[in-house]
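Visitor: Hi, could you walk me through this one? I'd like to start with one helix and wander from there.

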Amino acid sequence: MSTEPRLAEVAEPEPAQQAAPGTDQAVKETLEDYTLRFAPRSYRRWTPMVVATTALGGIAYMADFSIGAGIGLAHGTGNALLAIAVAAVVIFVTGFPLAYYGARYNIDLDLITRGSGFGYFGSVLTSVIFASFTFIFFALEGSIMAQGLKLGLGLPLWLGYLVSTLMVIPLVIYGMTALSKLQVWTTPIWLLLMVGPLVYLVATDPGTVDRFLAYAGTDGDGGINTASVLLGAGVCLSLIAQIGEQIDYLRFMPPKTEANKRSWWTAVVMAGPGWVVLGALKQAIGVFLAVYIIAEVGASAAPEPIQQFKGAFDAMMPSWLVVPLAVVLVVISQIKINVTNAYSGSLAWTNSFTRVTRRYPGRMVFVLVNLGFALALMEADMFSFLNSILGFYSNCAIAWVVTVATDIGINKYVLKLSPHAPEFRRGMLYAVNPVGVVAFVAASGLSIAMYFHALGDTLQPYSPVAAAVIAFVLTPLMAVVTKGRYYLRRTDDGIAEPLLDEDGNPSAVTYECHVCRQQFERPDVAACRTHDAVVCSLCLSTDKVGDHVLPAAV
């Protein structure tokens, strides 16, 4: 039996006279995670640097080493490094406006997407794309951990997959409060174990650098090849959706003021688009370690991070310590990233399900759904065809992120056809905005067709470029064609209090939702259609007949 508050029943007669029933635990879950809603100032107690450290802790994944190794082994070091650099520049440029909006207005990427060209229901499509990102990378990290458990403890892979899935559930239950502590305390250990072997190898055997730089790959002669660079960049660009996970933390940034603006901006840039700097370094390290493993052991083990670090540790410490340390590194990395994957994925699934069904089942339901998808991928041995999965997925992710980033950067600030302040509440937005939806569908559809050779072998490597260019061109073009009329269904939410305070931060003035009887800050409420009162965004989302949803402005 569900223990959630009866938010789904707001369509009953005179709901304002009813206190929303439910257990304290259910209410705590709803208010702890701020699923579907703005993160209020009263909850955002962390300093900018704590938020940044927590966000960066989520990119401790080992997949970068596998991705870099796969590209390097196929195309050679020169092409791999260029591919990594190209992807990093694209990810940084597109991630900056998204990170700023998430931190400034304290909303996640789905809420940003709603008001940045997609509409209230249009962004369900991108929420599913993002949820897919989280379980694909959960499965990848779980596979890497299972490899470590097999090496260190002799566990069969199928059991390692199960262990890596189940162990994160207790950590994900408690949301941001628990995750911030986990990420802050484990980051120094992770950095030491990751950087130490690399520094040792370079310092004690400079020849490793020469072999690394000269490696030609299996598909080339060592020269720079445009197709190879773009194919490699396409795989790296599958990580472009990582900005969504960064924003899931950045939305808890404190208000930006004159007193903290330097640390605020540093945290936003470092933990927002800046995540890709560390990501690109890890990919380059993956190429380096793969080339080292080829020389020392052989090519078969080179793409596996557990084997990469086992080989590196073997060069610098007693043999009895090598496997335990390699396993510790893999396990810490897997926990750090997969609590984030499970957390962010559950938010994305909950967002989609609640809007479509107008029922809020609780975030923990979708933690289990996300983990189920990830476990199925692991048992299907997704690690063996990693680059194919990521190359295909990157087309969808690029189209989405570039569309939203272009809407913010061009449509809001240059053309001024998109409303400057983000909007996410039901009743304020059109169900579907053709600006973002058309740009996204066209960009992802055409780039996927190119990826699967539908437009010829010559164009196939250019599919990620096509996804980015089409989205970048169509987003402002659609805004001009539609004259921006499908962004806002109405501009007045029926409350006189301004949304933003004198510093441009979301207002901290509180109101009581007359349906669930909880206190919410100004950006998270709107006037009720049938009562002289206000309704919170979650109750609006679960209003099955629209009794409380404001009508379209005439």
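**A chat about the model**

Guide: Happy to. Let's start just past a helix: α17 is followed by aspartate 381, whose phi is positive, near 60°. Helices here (H or I, at least four residues) and strands (E, at least two) are DSSP runs numbered from the N terminus. This is a predicted model, so local features need pLDDT of at least 70 and side-chain atom pairs count only at pLDDT 80 or more, while totals for chains, interfaces and linings use all residues. Residues are numbered from 1 along each chain as its sequence is written, and side-chain values use heavy atoms, with hydrogens and water left out.

Visitor: What does pLDDT average over the protein chain?

Guide: The average is 84, and 88% of the residues score at least 70. pLDDT is the predictor's confidence in each residue, from 0 to 100.

Visitor: Where does pLDDT stay under 50?

Guide: Over residues 1-31, for which the model has 64 contacts beyond four places in sequence. Contact means heavy atoms within 4.5 Å. Where pLDDT is low, the predicted coordinates should not be read in detail.

Visitor: Back to α17. Which of its residues are buried?

Guide: Arg363, Phe366, Val367, Asn370, Leu371, Ala374 and Met378. They cover an arc of only 140° around the axis, which puts them on the same side of α17. The arc is that of the directions from the helix axis to the C-beta atoms. Buried means under 20% relative accessible area, exposed over 50%, and partly exposed in between (1.4 Å probe, protein chains only).

Visitor: And how far apart are the end C-alpha atoms of α17?

Guide: They are 25 Å apart, which agrees with the 24 Å that the 17 residues of α17 (residues 363-379) should span at 1.5 Å a residue. The expected span is 1.5 Å times one less than the number of residues.

Visitor: Which residues are buried in α13?

Guide: In α13 (residues 261-271), they are Trp264, Ala267, Val268 and Ala271. Looking down the axis of α13, they fall within an arc of 95°, so they line one face of the helix. An α-helix has 3.6 residues a turn, so residues three or four places apart point the same way.

Visitor: What do the buried residues of α13 pack against?

Guide: They pack against α2 (48-57), α4, α12 (242-250) and α14.

Visitor: Let's zoom out. How many helices and strands are there?

Guide: The protein chain has 21 helices and 4 strands. Of its 554 residues, 60% are buried. Among contacts with a separation of 6 or more, 79% join residues 24 or more positions apart.

Visitor: Can you show me a few residues in detail?

Guide: Sure. Serine 344 sits in α16 (residues 319-357) and is buried, with a relative accessible area of 1%. Leaving aside neighbours within four places in sequence, serine 344 is in contact with Phe130, Thr134, Glu245 and Asp248. The C-alpha atoms of serine 344 and isoleucine 247 are 9.6 Å apart, with their positions 97 residues apart along the chain.

Visitor: What does alanine 405 touch?

Guide: Not counting residues up to four places away in sequence, alanine 405 touches Thr94, Pro97 and Leu98. Alanine 405 is found in α18 and is buried at 9% relative accessible area.

Visitor: Is asparagine 106 buried or exposed?

Guide: Asparagine 106 counts as buried, at 1% relative accessibility. This residue lies in the loop between α4 and α5 (109-118), and phi of asparagine 106 is positive, near 60°. Histidine 453, in the loop between α19 (434-451) and α20, has a positive phi near 70° and is partly exposed, with a relative accessible area of 41%.

Visitor: Now for the empty space. What is the volume of the largest pocket?

Guide: About 320 Å³. It is lined by 18 residues, of which Val90, Thr94, Val402, Ala468 and Val469 lie nearest its centre. Helices α4 (77-105), α11 (226-236), α18 (386-412) and α20 (463-482) each supply at least two residues of that lining.

Visitor: How many cavities of 30 Å³ or more are there?

Guide: The search of the whole structure finds 7, and about 130 Å³ of space lies in the largest cavity. Its lining includes Phe38, Tyr105 and Arg425. On a 1 Å grid over the protein atoms alone, a cavity is a set of points where a 1.4 Å probe fits but cannot get out, and a pocket is an open set with protein on both sides within 12 Å along at least five of seven lines; lining residues have an atom within 4 Å of a point. Grid points are joined across faces, edges and corners, and a volume is the space filled by probe spheres set on the points.
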